Amino acid sequence: MKTLNLGLSLLLTGTMLVGCKEEKKEETAMPEQTEAVKKGGITKSEFGTTPEGVKIEQYTLENAKGMKMEVITYGGIITSLTAPNKDGKYEDIVLGYKNKEDYFNGNPYFFGAVIGRYGNRIAKGKFSLDGKDYQLTVNDGPNSLHGGKGFDKRVWTAEEVAGAASPTLRLSYTAKDGEEGYPGNLITVVTYVLTDDNALEITYEAETDKKTVVNLTQHSYFNLSGDFSKLITDHELEIKADKFLPVDATLIPTGELKAVKGTPFDFTASKEIGKDINAADDQIKKGGGFDHCWVFTDSSNKLKQVAGVYHKASGRYMEVYTDQPAVQFYSGNFIDGTKDSKTGGKYEKRSGLCLETQHYPDAPNQPKFPSTVLSPGEKYTTKTTYKFSVK
Ligand code: GLA
């Protein structure tokens, strides 16, 4: 495993202490400035104030080509990301709320957020480690989803990485021992880099002081059309996965790894998302569309291309690279038409799609799945890249 420079000593110093006193951290960490300051590809401004009175900062990253990304310290949320169409026009291609308050009002769709401590579902919010039982916050029917009051609803500390070749933003958050039921203080660092070849590189790092489980991911919803009144059903998707994880009625994997061949879940060759999304298939019915975990054919932990999304009308193409074993492809089935879109109207079912690179859901309860256990002294480090181009 790669060496991190997080250092557990951090636990005893800054990060840990401010992690325990969120509000205090904001008072001390917030520079006294209200004006945006332009600084080497990253601009910093004030975004707003949470109902609890915590000031949230916004960082705008811009690469040499003019691609832009806005990130807020609340949830590490990517609130906008632009990419060029075939005419070279940069448009926003990630869903976000029109009204800032929607981010603070629970962000019901997890728009753009960093997800942790455990992305996806853990059955009944329970698991055992070394004979000890843990009860997590249950927030999705009988299950725990995306860490309960997870990393998406926490205030992160952001810093620009000076001297980096491309705009680089480092976000850190320390989850406390027992937070949402998980054992161990978990120092978490998520780094966003916007490279000059129009890629968003995300690195996730974590260290714990007690054995715990970790599964970090990103919950951006992409709509490559740049027009959020359009649905993603006309996007063509390829996932380099020959198996997926069938789920039960509460979306917990049954434990079976099922071949995609001959099912609506076969994206081994690029296929329009809308083609089989309403197929008469028990798994499609359970997910209300696609809301499943695909297991990559190449199970190595090397960084490799695992998915591609193409939007013909705009020409935009997005490649996904990761070192993780799986991806949750979610076709936005729960988006319910109640939230205002950035481009007018409301977000509707299937206004956006997520490709959440990760370990398998419910792995803490399924010994046959690759382990998500992190022990003291180990370094969790994973990388995912979303790269944009045109075809
Ligand atoms: C994940 C899940 C979905 C849904 C969304 C949030 O992607 O897989 O079932 O809960 O988050 O709406």
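This briefing covers the ligand site and one sheet. The model is predicted. The ligand takes up the space of the second largest pocket. The protein buries 97% of the 310 Å² that the ligand exposes when taken alone.

**Residues around the ligand**
- The shell holds 6 nonpolar, 3 polar and 3 charged residues.
- Among the surrounding residues are the aromatic-ring names Phe110, Tyr221, Tyr330 and Phe334.
- Leu145 and Leu251 also surround the ligand.
- His146, His219 and Gln328 are part of the surroundings too.
- Arg121, Asp291 and Glu356 complete the list.

**Polar contacts of the ligand**
- The side chain of Asp291 has an N or O atom 2.4 Å from a ligand oxygen.
- For the side chain of Arg121, an N or O atom lies 2.7 Å from an oxygen of the ligand.
- For the side chain of Gln328, the distance from an N or O atom to a ligand oxygen is 3.2 Å.
- With these contacts in place, 97% of the ligand's 310 Å² is buried by the protein.

**The sheet**
- Five strands form an open sheet, in the order β20-β19-β22-β25-β26.
- Their pairing is antiparallel.
- β20 (258–259) and β26 (354–358) are the edge strands; each has a single partner, so one side of each has no neighbour in the sheet.
- β25 (residues 326–330) pairs with β26 over 5 bridges, in the antiparallel sense.
- Within this pair, Ala326 faces Gln358 of β26.

**Where the two topics meet**
- β25 spans residues 326–330, and Gln328 and Tyr330 are among the residues around the ligand.
- β26 spans 354–358, and Glu356 also belongs to the ligand's surroundings.

Methods
Residues are numbered from 1 along each chain as its sequence is written. This is a predicted model: local features need pLDDT of at least 70, side-chain atom pairs count only at pLDDT 80 or more; totals for chains, interfaces and linings use all residues. Side-chain values use heavy atoms; hydrogens and water are left out. A residue is near a molecule or strand if one of its heavy atoms lies within 4 Å of it. A polar contact is a pair of N or O atoms within 3.5 Å; within protein, one must be able to donate a hydrogen and the other to accept it, and residues adjacent in sequence count only if both atoms are side-chain atoms. Accessible areas come from the Shrake-Rupley method with a 1.4 Å probe; for residues, only the protein chains shown count as cover. On a 1 Å grid over the protein atoms alone, a cavity is a set of points where a 1.4 Å probe fits but cannot get out, and a pocket is an open set with protein on both sides within 12 Å along at least five of seven lines; lining residues have an atom within 4 Å of a point. A molecule sits in a cavity or pocket if more than half of its atoms lie within 2 Å of its grid points. Ala, Val, Leu, Ile, Met, Phe, Trp, Tyr, Cys and Pro count as nonpolar, Asp, Glu, Lys and Arg as charged, and the others, Gly among them, as polar. Two strands pair if DSSP finds at least two bridges between them. Helices (H or I, at least four residues) and strands (E, at least two) are DSSP runs, numbered from the N terminus.
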